Amino acid sequence: MPSVLFVCVHNAGRSQMAAGWLRELAGDQIEVRSAGSAPADQINPVAVEAMREAGIEITGVQPKVLTTDVVAASDVVITMGCGDACPIFPGKRYEDWKLSDPAGQGIDAVRAIRDEIKNRVEKLLADLLPA
């Protein structure tokens with residue numbers, strides 16, 4: 001089973017939304033992880049609201065610190081604005097998704113980020129689990 005790690009600075013917005021989408025769309029076919037280089041105390045409430053509107057609940061998830069172990073245990077590592085903080089291991093697939101940070105933004109802006117993340121997750125899923 002492939003494993004995907006989503007990484008952003010605070011593990012409170014983009015990476016949590018991406019993990020939520022991949023869990024929803026892949027079911028139990030992909031192991032999903034997320035972490036942050038400087039994790040926040042809680043998930044961004046506007047990100048929670050935007051995902052809830054799409055039918056995905058990310059309320060109970062807690063931001064986690066990025067460790068070399070979690071990177072080493074992942075097949076695909078997707079960074080979102082914290083590329084330099086992520087350790088590089090040979091043989092892993094790395095992608096850097098340029099996405100706006102939802103921190104401090106209103107629901108309309110966060111909805112657009114959520115939808116862009118969904119599009120990217122769908123493409124990633126199609127690549128990891130070809131029909």
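Ala126 lies in helix H4, and in this predicted model Ala126 counts as exposed, at 52% relative accessibility. Its partner in a long-range comparison is Ala26: the two are 100 residues apart in sequence, while their C-alpha atoms are 9.8 Å apart in space. Ala26 itself is one of the buried residues of helix H1, and Ala26 is also among the residues of H1 that meet H4.

**Helix H1 and its surroundings**

Helix H1 covers residues 14-26, which makes 13 residues, and reaches 18 Å from its first C-alpha to its last, close to the 18 Å expected at 1.5 Å a residue. Because 10 of these 13 residues are buried, H1 is largely enclosed by the rest of the structure. The buried residues are Arg14, Ser15, Gln16, Met17, Ala18, Ala19, Gly20, Trp21, Leu22 and Ala26, and they pack against strands S1, S2 (31-36) and S3 (76-80) as well as helices H2 (45-53) and H4. Arg23, which also lies in H1, is partly exposed, with a relative accessible area of 39%. The C-alpha atom of Arg23 is separated by 23 Å from that of Ala38, although the two residues are 15 residues apart along the chain. After H1 comes Gly27, whose phi is positive, near 60°.

**Two helices against H4**

How do the axes of H1 and H4 lie to each other, and at what angle do the helices pack? The angle is about 50°, with the axes 9 Å apart, and H1 and H4 are therefore oblique to each other. H1 passes H4 in a right-handed crossing. On the side of H1 the residues involved are Arg14, Met17, Ala18, Trp21, Leu22, Leu25 and Ala26, and these meet Val110, Ile113, Arg114, Ile117, Lys118, Val121, Glu122 and Leu125 in H4.

Helix H2 also packs against H4, and here the axes come within 9 Å and cross at roughly 60°. H2 and H4 are therefore oblique to each other, and H2 passes H4 in a right-handed crossing. Val46, Ala47, Glu49, Ala50, Met51 and Glu53 of H2 make this contact with Ile107, Val110, Arg111 and Arg114 of H4. Val110 and Arg114 of H4 thus appear in the contact with H2, and they appear again in the contact with H1.

Pro45 lies in helix H2 and is exposed, with a relative accessible area of 55%. Pro45 and Arg120 are 75 residues apart in sequence, and their C-alpha atoms are 22 Å apart in space.

The separations given for individual residues can be set side by side, with the distance along the chain next to the C-alpha to C-alpha distance in space.

| Residue pair | Apart in sequence | C-alpha to C-alpha |
|---|---|---|
| Ala126 and Ala26 | 100 residues | 9.8 Å |
| Pro45 and Arg120 | 75 residues | 22 Å |
| Arg23 and Ala38 | 15 residues | 23 Å |

**The aromatic pair**

How many aromatic pairs does a search of the whole structure find? The search finds 1 aromatic pair, formed by Phe6 and Trp97, with 5.9 Å from centre to centre and 55° between the planes, an arrangement described as tilted. Phe6 lies in strand S1 (residues 3-8) and Trp97 in the loop between strand S4 (93-96) and helix H4 (107-128), so the pair ties together parts that are 91 residues apart in sequence. Phe6 is buried, and Trp97 is buried as well. Strand S1, which holds Phe6, is also among the elements against which the buried residues of H1 pack.

**The loop between S1 and H1**

Asn11 has its place in the loop between S1 and H1. Most residues other than glycine have a negative phi. Asn11, however, has a positive phi of about 50° although it is not a glycine. Is Asn11 buried or exposed? Asn11 is buried, with a relative accessible area of 0%.

Note on methods
Residues numbered from 1 in each chain as written. Predicted model: local features only at pLDDT ≥ 70, side-chain atom pairs only at ≥ 80, totals over all residues. Heavy atoms only, no water. Phe/Tyr/Trp six-rings, centres within 6.5 Å; stacked < 30°, edge-to-face > 60°. Helix = DSSP H or I, 4+ residues; strand = E, 2+ residues; numbered from the N terminus. Buried < 20%, exposed > 50% of the residue type's maximum accessible area, 1.4 Å probe, protein only. Expected span 1.5 Å × (residues − 1). Contact = heavy atoms within 4.5 Å. Axes fitted to C-alpha atoms, helices over the stretch in contact; angles between N-to-C directions. Parallel < 35°, antiparallel > 145°, perpendicular 65-115°, else oblique. Left-handed = near helix turned anticlockwise from the far one by under 90°.
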